[in-house]
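Dear colleague,

I am passing on the two-chain model that we spoke of, and my notes on it follow below. Please read them with the coordinates open beside you.

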Amino acid sequence: MSALLDVQALEAFYGRTKALHGVSFSMARGGITTILGANGAGKTTTLRAISRMVRTTGTLRFEGEALERKATEDVVQLGIAHAPEGRGTFVHLTVEENLRLGAWGRRERGSLKDDFERVFGYFPVLRERRRQAAGTLSGGEQQMLAVARALMLRPRLLLLDEPSLGLAPLVVREIFRILRTINQTGVSILLVEQNAALALDLADHVFLLETGRVVMEGPSDVLRRDDAIRRAYLGY
Amino acid sequence: MDIFIQQVVSGLATGGIYASLALALVMIYQATDVVNFAQGELAMFATYICWTLIHAGLQYWAAFVSTLAIAFVGGVVIERVVIRPVENAPILSIVMVTLGLLVICNSIAGWMWTYVQKPFPSPFPENPFKFGNIVFGAHDLGEIQVTLLVLLCIYLFFRFTPLGLAMRAAAHNPVSSRLVGIRVGWMLALGWGLAAVFGAVAGMMVAPVLTLEPNLMGGVQIYAFAAATLGGFTSPGGAVLGGFIVGVVENLVGTYVGFIGTELKFTVALAMIIVVLLVKPTGLFGTTVVKRV
């Protein structure tokens, strides 16, 4: 089976600073993969590289198609939705407008009605807030909006950058529960997370990134029992 | 009292012109943080194109609409060819480029059409409207209608169409816009196109009053700056209202404050800019943009 996403010898640069030093991994179709790592390990940069927001060398293939020479807008068209660090909300626009924009890069046009129903099904609070400026939402609601907006693309791969950041534990649990449901509808998820316990629970496969390199990988059940991981990332 | 009302209506008419040009300035400012100093000159150039079309035998409104189309394409092309290469340059560089554009437009217009003033037709009837003792110029009333119609169209476009929404998104948050697949560069180009259209409307409406010459928009641009500053460079609605306010104030001050008359009217606009910047730098409806650095 060909991989959904295949990354080989990926190096990324901010100006002259190298942030990734040859990251290689591949992701199976239909799964949830998580990238763990400390601050500055290169997790966000890996996602930004896939979305073509940072200069890179190495190869990036999505369903066999090379991404390296594509612009961010074209990557979106392939069905890769990216909910970025800081959520990327259009704070001046209403919730509904944010969601409409989420469908902008979609290849198949047509009615958004079903998509609205679907995301409001996942996040009922967004239906209540649909005419409100997105900037007036709580942090948790904004994160829900970020995920919902990404889903409007009808993506095949969802890139999520720290969806738990700054949110109350109950809200986080709710969002992660919905992420699992979303995955069960056939959307593959690549999750970057600092909260290792949560990420290991959700994901089926894990990559551990340290200073721009993959230092360990495996199924999450296996890595959860690894002593080094336990001590460094789970804290017990 | 009659004179007062007449002066207000006449002020609203010129105010509409300032409003159109101010809106053009604000649109580009919001999308790129750059004030396009060439906006007025582009409008002047478009007006010359309209004049040429009319003299080639086109009927007024046909020439008007053709000019809008040409202005739109011209705006898009200028953004793509002239502004795009300096997109990521420091703001001052871009400002210099727009100043360069200003000089180039002005000189080319002078070279092509000479600096001799040309009469420019008004599409509205000659005879003024009379309501009792109050007399309104037909051109004034027509001008107000055209401005309001343009403003209404642009409001509907930005508020209710997907493309308008995408343009707003691209202006406010280019990074997130790219992540949802919006081609931000093209949205900026469309913004330049639309701004050129507003400018062209302003130019064609003001030319019958001022007569057409390469320096047609110099003064208007200063008033438009005053309008945008007053309403707030971050608020399109504010800039439009600012335009009308500046137009009315300019007229009333010229009429009622003896020593100002017509000669010092211009100073009023500059004084307004300074007062607004001193008292409320964001303008009446502007918001302070907080940027994380």
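**Where the two chains meet**

In this predicted model, 17 residues of chain A are in contact with 15 residues of chain B, two residues being in contact if their C-beta atoms, placed from the backbone, lie within 7 Å. On the chain A side of this interface, helix H2 (72-77) and helix H3 (95-102) each supply at least two of the residues that touch chain B; helices (H or I, at least four residues) and strands (E, at least two) are DSSP runs, numbered from the N terminus. By class, that side of chain A has 6 nonpolar, 8 polar and 3 charged residues, where Ala, Val, Leu, Ile, Met, Phe, Trp, Tyr, Cys and Pro count as nonpolar, Asp, Glu, Lys and Arg as charged, and the others, Gly among them, as polar.

A word on conventions: residues are numbered from 1 along each chain as its sequence is written, while chains are lettered from A and ligands numbered from 1 in the order in which they are written. As the model is a predicted one, local features need pLDDT of at least 70 and side-chain atom pairs count only at pLDDT 80 or more, whereas totals for chains, interfaces and linings use all residues.

**Chain A**

Chain A contains 10 helices and 10 strands. Its radius of gyration (taken over C-alpha atoms) is 17 Å, close to the 18 Å that the globule rule (2.2 Å times the number of residues to the power 0.38) gives for 236 residues, so chain A is as compact as a globular protein of that length. The C-alpha trace of chain A spans about 45 × 40 × 35 Å along its principal axes, and 47% of its 236 residues count as buried; a residue is buried if 20 or more other C-beta atoms lie within 10 Å of its own, exposed if 12 or fewer, and partly exposed in between. Of the contacts in chain A with a separation of 6 or more, 66% are accounted for by residues 24 or more positions apart.

One helix pair in chain A deserves a look: the axes of helix H6 (residues 139-151) and helix H7 (residues 169-184) come within 10 Å and cross at roughly 10 degrees, the axes being lines fitted to C-alpha atoms over the stretch in contact, with angles that run from 0 to 180 degrees between N-to-C directions. H6(A) and H7(A) are therefore roughly parallel to each other, the term that applies to angles under 35 degrees. Gly140(A), Gln143(A), Met144(A), Val147(A) and Leu151(A) of H6(A) make this contact with Val171(A), Ile175(A) and Ile182(A) of H7(A), and these residues divide into 6 nonpolar, 2 polar and no charged.

Ser188(A) lies in strand E8 (residues 188-192) of chain A and is buried, with 21 other C-beta atoms within 10 Å. Leaving aside residues up to four places away in sequence, Ser188(A) touches Leu4(A), Met27(A), Arg29(A), Gly30(A), Gly31(A), Arg156(A) and Leu157(A).

**Chain B**

Chain B has 11 helices and 2 strands. For its 293 residues, a compact globule would have a radius of gyration near 19 Å, and the 19 Å of chain B agrees with this. Along the principal axes, the C-alpha atoms of chain B fill a box of roughly 60 × 50 × 35 Å, and 44% of the 293 residues count as buried.

Met187(B), found in helix H8 of chain B, is partly exposed, with 19 other C-beta atoms within 10 Å. The C-alpha atoms of Met187(B) and Ala170(B) are separated by 6.7 Å, although these residues are 17 apart along the chain.

**Core and backbone**

The largest nonpolar core (a set of buried Ala, Val, Leu, Ile, Met, Phe, Trp, Tyr and Cys residues joined through C-beta atoms within 7 Å) holds 154 residues, of which Leu21(B), Ala22(B) and Ala227(B) touch the most other members. Helix H8 (residues 184-210) of chain B gives the largest share of this core, 17 residues.

Most residues other than glycine have a negative phi. Ala9(A), in strand E1 (residues 5-14) of chain A, nevertheless has a positive phi of about 50 degrees and is partly exposed, with 13 other C-beta atoms within 10 Å. Thr114(B) has a positive phi of about 65 degrees; Thr114(B) sits in the loop between helix H4 (91-113) and strand E1 (129-131) of chain B and is exposed, with 11 other C-beta atoms within 10 Å.

With best regards

Note on methods:
Angles under 35 degrees count as roughly parallel, over 145 as roughly antiparallel, 65 to 115 as roughly perpendicular and the rest as oblique.
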